[in-house]
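Hi, and thanks for sharing this one. Here are some notes to read alongside the structure, set out as numbered points.

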Amino acid sequence: MNARAARRASSKHANASRHAHSHPPSREELQRQLEQQQREIERLQKQVAERDQRIADAEKQIADLERQLAARQKNSTNSSKPPSSDGLAGSSRQRGRRKKSKRKPGGQKGHPGHHRPLAPPEQVQEVRPVLPVECKHCGQSLPQQFDQIQTVGEAQRHQVTELPPIQSYVIEYQCPKVVCPACGEGTRAPLPEEAQGDFGPQLMALIAYLTIYCRMPRRVVEAFLEHVLGIAMSLGSTQKCWEQASAAVAQPCQELEQQLKNEPVLNSDETGWRNNGEKRYLWALVASTFVFYTVAKTRSSAVLMHLLGAVFAGILCSDRFSAYFKYHKGLSQLCWAHLKRNILGIQDFAKTTDAERFCRDALALYARLFRLWRKFQGSLIDRDQLIARSIPLQKRWFALAEQYLDSDDKEVRNLATSLFQHCGRLFTFIEHPGVEPTNNCVEQALRIAVQLRKLIFGNRSAQGEVATARLLTVTQTCRMQGRNALDYLTEAIVRYRRHQPVPSLLPQRR
């Protein structure tokens with residue numbers, strides 16, 4: 001019975017299997033299965049594409065954040081940012097020694113001492129003898145009158161430099177009406193021309209000097225005049241004195257502006273400025289014997305065209321700002337200090353092999369070039385030797401730039417392209433006397449203006465812009481020429497009031 005049931009079950013299973021094999025899935029069923037699988041593949045592909053897009057967006061965001069972080073970490077040593085920007089916005093540049101010295105501060109053992117020299121007798125206004133009260137050997141009282149004592153040897157001299165009592169010096173001009181003995185009519189003399197107004201030329205020159213040269217805010221100048229000199233003066237009066245000092249030096253400043261286009265070498269740079277909150281640019285141009293400043297509304301080449309003419313025949317030294325390339329097609333010198341800072345900026349934040357190798361090779365060539373330049377400056381080689389020994393270095397600079405023109409690193413590619421296009425402008429200083437390899441002289445001239453900008457926040461009128469540029473021009477030119485700026489301003493105001501020519505700031509030709 002059990003065997004029969006087993007055979008029946010086996011027969012049913014075989015029949016079912018034969019039935020199944022005899023009815024395969026239809027074409028419609030297979031098509032539905034294929035379409036379902038295709039939809040599933042498309043869904044998975046869409047998910048993968050979305051994930052790839054999210055990853056790409058995240059990588060782009062990370063790269064942007066890294067660039068922003070790198071930009072905030074840059075300072076004046078590894079970028080073209082000015083030193084005035086070093087502060088809370090980025091890492092301050094490292095100052096002093098990188099490693100702490102083990103020496104104690106101050107003069108070291110064996111170092112020769114330096115003392116203030118004694119002024120010659122003709123410059124001494126007062127001599128005060130100091131006499132001992134008693135003999136240090138026996139205790140005998142000694143005379144206290146200089147004509148009653150007997151001395152031996154030379155007197156020990158000690159000088160103290162002091163200021164006399166500081167106070168204002170008020171001059172009153174009285175103009176009586178004098179009766180003529182012939183006709184009996186009275187005549188009153190006019191005031192001297194230099195006595196016009198309430199304040200004298202030297203006081204007006206001091207106000208301009210303190211404001212521009214010493215970079216003191218107007219209210220600080222006002223407080224100094226009142227508390228130190230005893231001169232009560234309103235803020236408006238200090239402004240008028242400042243403006244009259246500007247008017248007094250208009251002629252010599254105009255002479256300097258006209259001389260710019262005739263200079264054989266000029267260094268130029270610009271920085272931001274403000275006029276009543278509006279954006280301006282303060283330009284500085286440094287010649288061999290003077291500095292010229294001007295405030296302009298733009299940073300474009302139109303300013304250079306206005307100051308130097310349509311074509312400048314001399315050598316223009318600058319950074320790699322596009323306005324200089326657009327204006328000047330002749331001989332020029334690009335600043336090596338800017339270039340080095342750009343290379344250091346790429347090196348400090350380099351993440352590619354190209355960046356590391358490019359910066360390593362560029363800094364090595366830079367060091368070799370400037371070792372050669374220092375030998376020339378130290379008179380160890382002459383100009384012909386400098387030129388001959390620099391030619392291989394110039395070729396290697398050009399080859400290095402050409403090598404990285406197609407670099408995958410964007411910053412390396414951009415800098416290499418700039419070097420390749422303007423390589424010849426980097427070596428003008430090698431062949432032409434009077435040309436420096438850096439733009440440091442004009443950057444130092446602008447540093448004074450930047451410090452002033454941080455204190456007075458720019459100007460509030462076009463007249464103030466002109467006055468700032470003129471007084472900066474005069475004070476910094478006097479400093480370059482070794483003149484006393486305060487004396488020059490005083491003389492300029494006196495002559496201006498007398499309607500006489502103001503002394504020129506151009507060097508006198510012999």
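1. Gly-482 is a good place to start: in this predicted model, Gly-482 comes directly after helix 15 and has a positive phi of about 75°. The helix before it covers residues 462-481, 20 residues in total. From first C-alpha to last, helix 15 reaches 29 Å, which is close to the 28 Å expected at 1.5 Å a residue.

2. Next, have a look at the largest pocket. Its space comes to about 1600 Å³, and 33 residues line it. If you want to centre your view there, the lining residues nearest the pocket centre are Val-127, Arg-128, Pro-129, Gln-156 and His-158.

3. What is the make-up of that lining by class? The largest pocket has 18 nonpolar residues in its lining, together with 9 polar and 6 charged ones.

4. The structure also holds 1 cavity of 30 Å³ or more. For the largest cavity, the computed volume is about 30 Å³. Its lining consists of Leu-316, Ser-318, Tyr-324, Phe-325, Ser-332, Leu-334 and Arg-425. Strand 6 (315-318), helix 8 (322-327) and strand 7 (332-334) are the elements that each give two or more residues to this lining. By class, the lining of the largest cavity splits into 4 nonpolar, 2 polar and 1 charged.

5. On to helix packing. Helix 3 (residues 201-213) packs with helix 4 (residues 218-227) at about 135°, and their axes are 10 Å apart. How should this pair be described, then? Angles over 145 degrees would count as roughly antiparallel, and at about 135° helix 3 and helix 4 are therefore oblique to each other. Their crossing is right-handed.

6. A second pair is worth viewing next to that one. Helix 9 (residues 336-348) and helix 10 (residues 353-377) pack at an angle of about 150°, and 9 Å separates their axes. With that angle over the 145 degree cut-off, helix 9 and helix 10 are therefore roughly antiparallel to each other. The handedness of the crossing of helix 9 and helix 10 is left-handed.

7. One reminder for when you step along any of these helices: an α-helix has 3.6 residues a turn, so residues three or four places apart point the same way.

Methods
Residues are numbered from 1 along each chain as its sequence is written. This is a predicted model: local features need pLDDT of at least 70, side-chain atom pairs count only at pLDDT 80 or more; totals for chains, interfaces and linings use all residues. Side-chain values use heavy atoms; hydrogens and water are left out. On a 1 Å grid over the protein atoms alone, a cavity is a set of points where a 1.4 Å probe fits but cannot get out, and a pocket is an open set with protein on both sides within 12 Å along at least five of seven lines; lining residues have an atom within 4 Å of a point. Grid points are joined across faces, edges and corners, and a volume is the space filled by probe spheres set on the points. Ala, Val, Leu, Ile, Met, Phe, Trp, Tyr, Cys and Pro count as nonpolar, Asp, Glu, Lys and Arg as charged, and the others, Gly among them, as polar. Helices (H or I, at least four residues) and strands (E, at least two) are DSSP runs, numbered from the N terminus. The expected span of a helix is 1.5 Å times one less than its number of residues. Axes are lines fitted to C-alpha atoms, for helices over the stretch in contact, and angles run from 0 to 180 degrees between N-to-C directions. Angles under 35 degrees count as roughly parallel, over 145 as roughly antiparallel, 65 to 115 as roughly perpendicular and the rest as oblique. A crossing is left-handed if the near helix is turned anticlockwise from the far one by less than a right angle, and right-handed if clockwise.
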